Amino acid sequence: MRAASHGLPFEPIVGLDGSDIPAASGFKTVKDPYTGQEVYCIPAIRPDWAILHVQEADARGNARIYGSAYWDLVMSRAAAKPILTAERIVPTEEMARLPELTRIPDFLVTAVVHAPESARPCSCHGCYGIDEAGVRAYLEAAEQPETLRAYLDQM
């Protein structure tokens with residue numbers, strides 16, 4: 001996804017020599033024009049959709065992520081149509097007062113949904129912590145389609 005987030009067709013990597021991964025995955029190689037070393041080309045992953053949960057967004061899709069953004073920034077740029085779920089919807093004017101806090105700009109976003117606590121049973125930094133019992137219940141429910149459906153129906 002990193003390659004797709006930069007608009008590249010692949011990401012060159014090293015360190016797979018001696019592994020079965022390149023052959024099993026069909027990775028091709030190219031010669032590094034600077035060192036002459038063969039590097040593997042990992043094809044870009046460009047999902048159609050990404051659903052990302054943020055602490056704050058405005059109605060246009062500008063978003064703030066407090067704490068570590070992890071892969072959210074990469075996914076917001078790699079996906080063709082990112083959707084944001086947000087703990088809070090704030091006025092665009094408030095977002096504009098501190099533009100340096102905007103981690104995902106509106107032109108990348110397809111839709112915004114006000115969905116407080118929708119990261120549960122996982123955490124949302126500054127809003128709530130991880131619900132370990134809830135994660136265990138989800139993992140148990142996810143083992144079978146019927147139990148997963150029942151779990152999701154009660155959410």
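This short talk goes through a three-stranded sheet, a nonpolar core and a surface patch in one structure, which is a predicted model.

Let me begin with the sheet, which is open, holds three strands in the order E1-E3-E2, and is antiparallel in its pairing. Its edges are formed by strand E1, residues 10-13, and strand E2, residues 28-31, each of which pairs on one side only. If direction is ignored, neighbouring strands in this sheet are turned by 40° against each other on average.

Taking the two pairings in turn, E1 is joined to strand E3, residues 38-43, by four bridges, and these two strands run antiparallel. Within the sheet, proline 12 stands opposite cysteine 41, which belongs to E3. On the other side, E2 and E3 are likewise antiparallel and joined by four bridges, and here lysine 31 is found opposite glutamate 38 in E3. What lies between the strands in the hairpin of E2 and E3? There are six residues there, and in this hairpin glycine 36 takes a positive phi near 85°.

I now turn to the interior, where the largest nonpolar core has 12 residues, among them Ala50, Leu52, Val54, Leu84, Ile104 and Val109. Which elements give two or more residues to this core? They are strand E4, spanning 49-57, and strand E6, spanning 81-89, and of the elements involved E4 gives the most, with four residues. As general background, nonpolar side chains in soluble globular proteins tend to be buried together.

One member of the core that I would like to single out is leucine 84, which is placed in strand E6. Leucine 84 counts as buried because its relative accessibility is 0%, and the cut-off for that class is under 20%. Leucine 84 also lies 4.7 Å from valine 112, C-alpha to C-alpha, although the two are 28 residues apart in sequence.

Finally, we come to the surface, where Met1, Ile45, Tyr70 and Trp71 make a nonpolar patch of about 470 Å². Of these residues, let me look at tryptophan 71, which sits in the loop between strand E5, residues 63-64, and helix H3, residues 72-78. Why does tryptophan 71 count as partly exposed? The reason is that its relative accessibility is 43%, and the partly exposed class covers values between the buried limit of 20% and the exposed limit of 50%.

How values were computed
Residues are numbered from 1 along each chain as its sequence is written. This is a predicted model: local features need pLDDT of at least 70, side-chain atom pairs count only at pLDDT 80 or more; totals for chains, interfaces and linings use all residues. Side-chain values use heavy atoms; hydrogens and water are left out. A nonpolar core is a set of buried Ala, Val, Leu, Ile, Met, Phe, Trp, Tyr and Cys residues joined through side-chain atoms within 4.5 Å. Buried means under 20% relative accessible area, exposed over 50%, partly exposed in between (1.4 Å probe, protein chains only). Patches are made of residues with over 30% relative accessible area and no salt bridge: like charges are joined within 9 Å, nonpolar side chains (Val, Leu, Ile, Met, Phe, Trp, Tyr) within 5 Å. Accessible areas come from the Shrake-Rupley method with a 1.4 Å probe; for residues, only the protein chains shown count as cover. A salt bridge is a side-chain nitrogen of Lys or Arg within 4 Å of a carboxyl oxygen of Asp or Glu. Two strands pair if DSSP finds at least two bridges between them. Axes are lines fitted to C-alpha atoms, for helices over the stretch in contact, and angles run from 0 to 180 degrees between N-to-C directions.
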